[in-house]
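Please open the model in your viewer and keep the selection panel at hand. The tour moves from one helix to its surroundings.

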Amino acid sequence: MRIPAPHAKAGDALLKMPKVLVGLQTASYEASAIEASDDIGPVPLSQMDEAPGPSGTYRDFLTSRPTQGDVTVRYASNPRSVDSETRNGPLFDLRAQAGGLIGAGVYFFALPADERIYNIRLHWDLTKAPAGTRGIWSFGEGDQSVVGPASQLAFSFYAAGAVKSAAQDNTFGFYWLQEPPFDPAVLGKNTHRLFTYMARFFHDAPGVSYRVFARANPYPSGGGTSLAHSFMFGYGAKGETIGDGTDMLIAHEMAHTWPDLSEESDDHPAVAWYSEGTAEFYSVLLSLRAGTIDFDRFLAVINAHARDYYTNPFRALSNEAAGKLFWSDARAQRVPYGRGFMYLAKVNGQLKAKSGGKRSVDDLVLEVLERQRHGEKVGVPQWIAMVVRELGPGSRQDYLDMVEGKTIVPSADSFGPCLKLVRTSERPFDLGFDDMRLGVVKDLRADSAAAAAGLHEGDSIVSLTPRAELQAHEEAIATAVIRRDGRDMTFRFNPRRPAVEGWTWVRAGKAPLLSCGL
């Protein structure tokens, strides 16, 4: 990497990278592994780890002397080793797959520590690679040039090798290395259609690009991560991703491209309800409007979101308290998803009711985006001012109640006249251990059905009933084949806790979809 004239003084941070990010250990090089030189020769580097922050710990690489002219740095990275016991998490790590490499730059890049805007030129040297090798970046295939901060290199995706693609044109592509257990051509086509609709809804400029990367996991679960106008998702051997399905996972992550609230410093928990809530809300709503799902699927997904919210054992935690547990407990990490979705559904119904159907949460979300595009910082205070302007002073307390974890009951007409809200009771799903790591029993909860059935901390999981099957029916029994001390043992249990009350939506008559106001 060549950095134009950084003018670093002795002791300045020339490069920076996360050592641990949202619980994931990165390549986190030692300073001795990085060669740096400038116009007068080698520039020895030392390292200093910063104090841990809410999302992780960063490592700075400091210069031993003032730099002169351009600085060139060289270093090498190995892909992360993963197996059946690897914990599922954000798709930041670089992995070897099907003879190629796939991952995010934030795992392996040590980058300039400043916030300058650079002319970034990315070059793939494939001269020693097999014929047919492709290099794909979030910003396009092959050599690319973009203007932006160095962080664009970190927070974007890369794939190299015999990369296959579908629905590819100048602005969109769907890529994978290992053949998946689903039809990538069909999924790619539907994803392209939905992205086109979303980009138009959020008033994006014509020709904006987007790329989707898929990779296989050696464990039976999946998930996704959204970065610079791109998204990567992982899937298990049988195509496992999330309970709502691969299409909803992709729709959720694509929606992350647009709505966001400005946050103070590194206070992600304060705005996670908005980033995750809008992604949940618009992934399903815009899929319905775009015609990639039907009304029955729409109803099933919004009820799954409601169920996720009401049955979450951390539902009553404040945003701040839940945020402290995000990267240690997957259940806490789900709090802003359900909470944000239910709050936005409530506000949507309130706006429709007050305006006679002329206003909706669409208007507020698009206003936030437009103000941000004009350079305005729009965060929590501005959001509160907007809802108070639309709904009156009582909406401020509604917001504060949401932040503090008070139970949200959505408006009766949150999704128009075709659906009505009814009270329900459901036993929360609880696997009993860390469900982000399904190759081994970790963090077993002593009061869980899994523990009562005989599972032990550290048991290797040979096989387990798919989560989607277990979540579909309250009476479903989990069958776990466990390897302990060289022996395989089978355990069965119902992964549920005592019932809690909540709300769900049901059809109200048989009005045609066009009259539903969705």
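Begin by selecting helix α4, residues 246–255, which lies across β18, β19, β20 and β21 and runs at about 150° to β21. Contact here means heavy atoms within 4.5 Å, and angles run from 0 to 180 degrees between N-to-C directions, with axes fitted to C-alpha atoms, for helices over the stretch in contact. Helices (H or I, at least four residues) and strands (E, at least two) are DSSP runs, numbered from the N terminus.

This is a predicted model, in which local features need pLDDT of at least 70 and side-chain atom pairs count only at pLDDT 80 or more, while totals for chains, interfaces and linings use all residues. Residues are numbered from 1 along each chain as its sequence is written, and side-chain values use heavy atoms, leaving out hydrogens and water.

Next, add helix α5, residues 268–290, whose axis comes within 8 Å of that of α4 and crosses it at roughly 120°. To see the contact itself, show M248, A251, H252 and A255 of α4, which meet E276, A279, E280, S283, V284 and S287 of α5.

Now turn to the sheet, where five strands are arranged in the open order β17-β18-β19-β21-β20 with mixed pairing; two strands pair if DSSP finds at least two bridges between them. Select β17 (164–166) and β20 (223–227) to find the edge strands, each of which pairs on one side only. From one strand to the next, the twist averages 20°.

Finally, select β18, residues 172–176, which runs antiparallel to β17 and is joined to β17 by three bridges; in β18, W176 is the bridge partner of K164.
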